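Here is a friendly walk through one protein model, written for someone who likes to see the cut-offs next to the claims. Have the coordinates open as you read.

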Amino acid sequence: MSVEGPVCWSEGKWCSSFRHLLYHFNLDKVHLFGAGLGGYLAQKFAEITFRNPMVVSLVLCNSFSDTSEYSKGTVPSLFYMMPAFALKRQVLSTFPSTSDNGHVADSIDFMVEQVENMERSGLASRLVIGSTGSYVEPQRLRHLNITLIEGFDNSGVSEKLQDDVQKCYPDAKRAQIKRGGVFPYLAAAQEVNIYLLIHLQVFVKTRYTPYQKDSEPVVE
């Protein structure tokens with residue numbers, strides 16, 4: 001299942017909304033894949049629900065565990081008032097301008113189009129959540145099966161933030177993509193899918209399998 005987050009102005013409200021979505025579909029245990037801010041929010045959801053666990057495993061792609069770096073020099077309250085064109089410019093300024101790799105260039109073009117079509121409230125809420133200077137409490141997540149998918153090239157996440165995530169989850173499996181850019185799940189989708197299959201293989205034939213009966217793949 002792939003979902004786009006609703007307009008929420010805080011981590012807590014986003015997690016509450018996501019929990020209601022899972023309840024709606026009668027899902028009490030889930031595997032979460034998140035990229036960038038989505039990966040950060042997936043960690044926060046696992047952290048908030050750790051006393052009544054709903055998250056079985058995490059796959060974090062070019063993600064981070066601390067938003068303080070993005071909060072430097074920003075005033076989150078301004079995002080509530082900024083016009084749509086200024087919000088779009090703020091988001092697009094974090095994208096690389098181009099790439100000599102055709103797949104990476106196509107992924108950038110696709111995401112630019114997505115941003116251009118977003119409503120002002122959706123952009124503003126994401127920028128507010130991403131710049132509040134919060135962090136994940138990793139001790140509440142270390143019991144989870146976690147895979148970190150990292151890009152060798154321009155991943156959009158600083159080396160410091162990548163190192164911080166690795167320190168948070170020293171036992172996590174690491175999967176590295178040489179040419180995936182900021183959006184490897186688009187530019188290197190086949191590689192990412194293989195890593196997802198490998199990550200989920202440990203849950204095959206358990207109550208946490210994400211597959212329907214008689215449709216479980218075998219990864220050799």
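## Buried polar and charged side chains

Asn 62 counts as buried, at 5% relative accessibility; buried means under 20% relative accessible area, exposed over 50% and partly exposed in between, with a 1.4 Å probe and protein chains only. This is a predicted model, in which local features need pLDDT of at least 70 and side-chain atom pairs count only at pLDDT 80 or more, while totals for chains, interfaces and linings use all residues. Residues are numbered from 1 along each chain as its sequence is written, and side-chain values use heavy atoms, with hydrogens and water left out.

Asn 62 sits in the loop between β2 and α3. Helices (H or I, at least four residues) and strands (E, at least two) are DSSP runs, numbered from the N terminus. Two more buried residues join Asn 62 in the table, which pairs each side chain with a backbone oxygen. A polar contact here is a pair of N or O atoms within 3.5 Å; within protein, one must be able to donate a hydrogen and the other to accept it, and residues adjacent in sequence count only if both atoms are side-chain atoms.

| Residue | Relative accessible area | Backbone oxygen partner and distance |
|---|---|---|
| Asn 62 | 5% | Val 182, 3.5 Å |
| Lys 88 | 16% | Glu 116, 2.7 Å |
| Ser 125 | 1% | Gly 122, 3.0 Å |

Lys 88 belongs to helix α4. Leaving aside neighbours within four places in sequence, Lys 88 is in contact (heavy atoms within 4.5 Å) with Val 115, Glu 116, Met 118 and Leu 123. Ser 125, for its part, is in helix α6, and with the same neighbours within four places left aside it is in contact with Val 7, Cys 8 and Trp 9.

## The enclosed helix

Why is α6 described as largely enclosed by the rest of the structure? Eight of the eleven residues of this helix (residues 120-130) are buried, so the rest of the structure largely encloses it. The buried ones are Gly 122, Leu 123, Ala 124, Ser 125, Leu 127, Val 128, Ile 129 and Gly 130. They pack against α1 (11-24), α2 (37-48), α3 (68-71), α4 (84-92) and α5 (102-116).

## Two nonpolar cores

A nonpolar core is a set of buried Ala, Val, Leu, Ile, Met, Phe, Trp, Tyr and Cys residues joined through side-chain atoms within 4.5 Å. The largest has 29 residues, and those with the most contacts inside it are Leu 32, Phe 45, Val 55, Leu 58, Ile 146 and Tyr 169. Two or more residues come from each of α1, β1 (30-35), α2, β2 (55-61), β3 (145-151) and α7 (159-168). Of these, α2 gives the most, with five residues. A second, separate core of 14 residues includes Met 82, Val 115, Leu 127 and Phe 183.

## How α1 meets α2

The helices α1 and α2 pack at an angle of about 75 degrees, with axes 10 Å apart. Axes are lines fitted to C-alpha atoms, for helices over the stretch in contact, and angles run from 0 to 180 degrees between N-to-C directions. That makes α1 roughly perpendicular to α2, the label for 65 to 115 degrees; under 35 counts as roughly parallel, over 145 as roughly antiparallel and the rest as oblique. On the α1 side, the contact is made by Glu 11, Trp 14, Cys 15, Phe 18, Arg 19 and Leu 22, and on the α2 side by Tyr 40, Leu 41, Lys 44, Phe 45 and Ile 48.
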